[in-house]
Amino acid sequence: MMQYLRKIKDLGITGSMAKWYDKNSRESRMEELKSYAKDIAALVEAGCANPAAKPQGRPRILEVAPGPGYISIELSKLGSYTITGMDISEDFIKICKANAERESADVDFVQGNVSNMPFADASFDFLFCSAAFKNFHDPAQALREMYRVLKPKGGGLIIDMNRNASNAALKAEVDKMRLRGFSHLWVSLTFSIFLRKGAYTRAEFETMLASSPFSNWKIKEGGIGVCIYLNEAAAGVWGRSPQERG
Ligand SMILES: C[S@@+](CC[C@H](N)C(=O)[O-])C[C@H]1O[C@@H](n2cnc3c(N)ncnc32)[C@H](O)[C@@H]1O
């Protein structure tokens, strides 16, 4: 149903669905979300070490569509960053703020639409967006907005589901969550029927990126997902480990 409504207009996740998503993320996805935060911190750290991309002062980082906000909250524990999370759902913004307060995390969560973000051009050194492209009404406009709010030497990481994900990969992903009973059934059905159908393939992401203002990106596929490294992250400047940089 949501995927059909999304074709007509931008829709956030609200109400009891947002509450369920928050609870499920906290109880079953924290290891995955923490590992994303570590990957992002490594990319940001690599950018800071590069004189061409080095931010002035604390790196300014944007999370687009944070849902309950756990990646940004975990990221805030890994370094000295100025982090903003922006989601269209007022309910999720309230949940994000409560989650950040509970963890004493310094993250600014604001309401906004990815199609028209409430930020000036070139505001951020790095941005990331996880599991949300399939939720956007106009993903091509989302890419244009991401390009606009990123500094020219800024990096970006988009992580999303791959519509070509196999049934076996989906099952392995759901099993990792260690859910039981109805929750297991519900998440399995949600992944295989609703989420995968609404997701994009690598080829579709390539087409969207080719018609976006981004000229530099790298896509990796694995498991049920697609990772897209943007700008300097794709050039390997943000993405190389300290050892590789020498
Ligand atoms: C599946 S959740 C992903 C949440 C989180 N990033 C994660 O990895 O768990 C998708 C999120 O996209 C948000 N969203 C949907 N359309 C949006 C839009 N046009 N602008 C900003 N956020 C949007 C929803 O409210 C929801 O929080």
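For the ligand shell I count Ala, Val, Leu, Ile, Met, Phe, Trp, Tyr, Cys and Pro as nonpolar, Asp, Glu, Lys and Arg as charged, and the others, Gly among them, as polar.

**Entry 1. Ligand surroundings**

I note at the outset that this is a predicted model. I looked up the residues around the ligand and found 19. Gly12, Ala65, Gly67, Ser89 and Ser130 are the closest. By class, nine residues of the shell are nonpolar, eight are polar and two are charged.

**Entry 2. The chain as a whole**

I recorded eleven helices and seven strands for the protein chain. Its radius of gyration is 17 Å, close to the 18 Å that the globule rule gives for 246 residues, so the chain is as compact as a globular protein of that length. I noted a span of about 50 × 40 × 35 Å for the C-alpha trace along its principal axes. Of the 246 residues, 39% are buried. I also looked at the contacts with a separation of 6 or more: 73% of them join residues 24 or more positions apart.

**Entry 3. The sheet**

In what order do the seven strands lie? I read the order as β3-β2-β1-β4-β5-β7-β6, in an open sheet with mixed pairing. The edge strands, each paired on one side only, are β3 (107-111) and β6 (217-222). From one strand to the next the twist averages 15°.

I then checked two pairings. Strand β4 (residues 124-130) is parallel to strand β5 (residues 150-161), with six bridges between them. One residue I followed here is Phe126, whose bridge partner in β5 is Gly155. Strands β6 and β7, in contrast, run antiparallel and are also joined by six bridges. There, Glu221 has Val226 of β7 as its bridge partner. The hairpin of β6 and β7 has two residues between the strands, and Gly223 takes a positive phi near 60° in it.

**Entry 4. Helices against the sheet**

I looked up what lies across the strands at the two edges. Helix α5 (residues 90-102) lies across β2 (82-87) and β3, and runs at about 170° to β3. Helix α9 (residues 202-210) lies across β6 and β7 (225-231), and runs at about 170° to β6.

For helix α6 (residues 139-149), I listed the buried residues: Pro139, Ala142, Leu143, Glu145, Met146, Tyr147 and Val149. These residues pack against β1 (60-64), β4, β5 and α9. Glu145 is thus entered in my list of buried residues.

**Entry 5. Single residues**

I checked Tyr229, which is found in strand β7. Is Tyr229 buried or exposed? Tyr229 is buried, because 21 other C-beta atoms lie within 10 Å and the cut-off is 20 or more. I also recorded its separation from Ile13: the two are 216 residues apart in sequence and 26 Å apart in space, C-alpha to C-alpha.

Two alanines came up for their backbone angles. Ala122, in the loop between β3 and β4, has a positive phi of about 50° although it is not a glycine. Ala131, in the loop between β4 and α6, has a positive phi of about 55°, again without being a glycine.

I compared their surroundings. Ala122 has 14 C-beta neighbours inside 10 Å and so counts as partly exposed. Ala131 has 20 other C-beta atoms within 10 Å and is therefore buried.

Definitions and conventions: Residues numbered from 1 in each chain as written. Predicted model: local features only at pLDDT ≥ 70, side-chain atom pairs only at ≥ 80, totals over all residues. Pairing = 2+ DSSP bridges. Helix = DSSP H or I, 4+ residues; strand = E, 2+ residues; numbered from the N terminus. Axes fitted to C-alpha atoms, helices over the stretch in contact; angles between N-to-C directions. Contact = placed C-beta atoms within 7 Å. Near = placed C-beta within 6 Å. Buried ≥ 20, exposed ≤ 12 C-beta atoms within 10 Å, placed from the backbone. Rg over C-alpha atoms; globule rule 2.2 N^0.38 Å.
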